[in-house]
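Q: I am new to this structure. Please show me how to read one helix and what lies around it.

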Amino acid sequence: MTLSGKRAVVTGGSRGIGFAVARALVRAGAGVMICARNGAAVETAVDALRSSGAGPVLGRSCDVRDPEQVRALVQSCVSRLGRIDILINNAAAVRAFKSVEEMPVEEWRTTIATNLDGVFYGCHFAVPEMKKTGGGFIINISSLAGKNAFAGGSAYNASKFGLTGLSEALMEEVRHDDIRVAYIMPGSVNTRSRSTGDGSGDSWKMAPEDVAEVVVSTLTQHPRCLVSRVEMRPAKPRKK
């Protein structure tokens, strides 16, 4: 499957994994609409992406916790790029690492709303549009925390365990509509680089580009094949 001429939405696309994925798609000839909550960061990322390849690039401010903003994001892609072929649900909240006893209720709600509700909203609004045009591909960026619980990770673990269930259920629902659904579970990724995707930082960690490469490989499999779940981890993790 070629990505040239395809149309994609990438949430959380202004930095880190999302930016690296968007750049890989643009370089492959796809048209891309990215979003993030910070409008200025979106504009900076769009400018950088437009110099990366031939595919058209658009950006939009969007808080994935708000279903109306996600609906508007999908509709904007359809109206401005013609359709939506690919949805990359990448936006995530990752900083709420506290025990259940110590975690403020709002931090719990923010984590679940961003990491799980936001993915549901994206899929909910994108699937009908994909059906109209004969199919599509949804990739949810999860984490190894979606299968490996750890102390202090209750909110993050819950959101990513839930994402596993959502992804697998959706896969069963839409596979006969020619909509393929996959989820990728990276371990430690250096996502500190903003709008550059340069992978600088802790050398033992994976780079955002590593995840982007797997995304493109997953998307370009023959249509008869679905790589539905991918686990990624650093080849040589930091020694304890």
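**Reading helix α6**

A: Helix α6 (residues 208-219) has twelve residues, which at 1.5 Å a residue should span 16 Å (1.5 Å times one less than the number of residues). Its end C-alpha atoms are 17 Å apart, which agrees. This is a predicted model: local features need pLDDT of at least 70, side-chain atom pairs count only at pLDDT 80 or more, and totals for chains, interfaces and linings use all residues. Residues are numbered from 1 along each chain as its sequence is written, and side-chain values use heavy atoms, with hydrogens and water left out. Helices (H or I, at least four residues) and strands (E, at least two) are DSSP runs, numbered from the N terminus.

Q: Which residues in α6 are buried?

A: An α-helix has 3.6 residues a turn, so residues three or four places apart point the same way. In α6 the buried residues (under 20% relative accessible area, 1.4 Å probe, protein chains only) are Pro208, Val211, Ala212, Val215, Thr218 and Leu219. They cover an arc of only 125° around the axis (from directions of the axis to the C-beta atoms), which puts them on the same side of α6.

Q: What covers the buried residues of α6?

A: The cover includes α1 (16-27), β4 (86-89), β5 (136-141), β6 (179-186) and β7 (229-232).

Q: With which residues is valine 215 in contact, leaving aside its neighbours within four places in sequence?

A: Nonpolar side chains tend to be buried together in soluble globular proteins. Valine 215 is in contact (heavy atoms within 4.5 Å) with Val21, Ile88, Ile139, Ile141 and Ile184.

Definitions and conventions: Buried means under 20% relative accessible area, exposed over 50%, partly exposed in between (1.4 Å probe, protein chains only).
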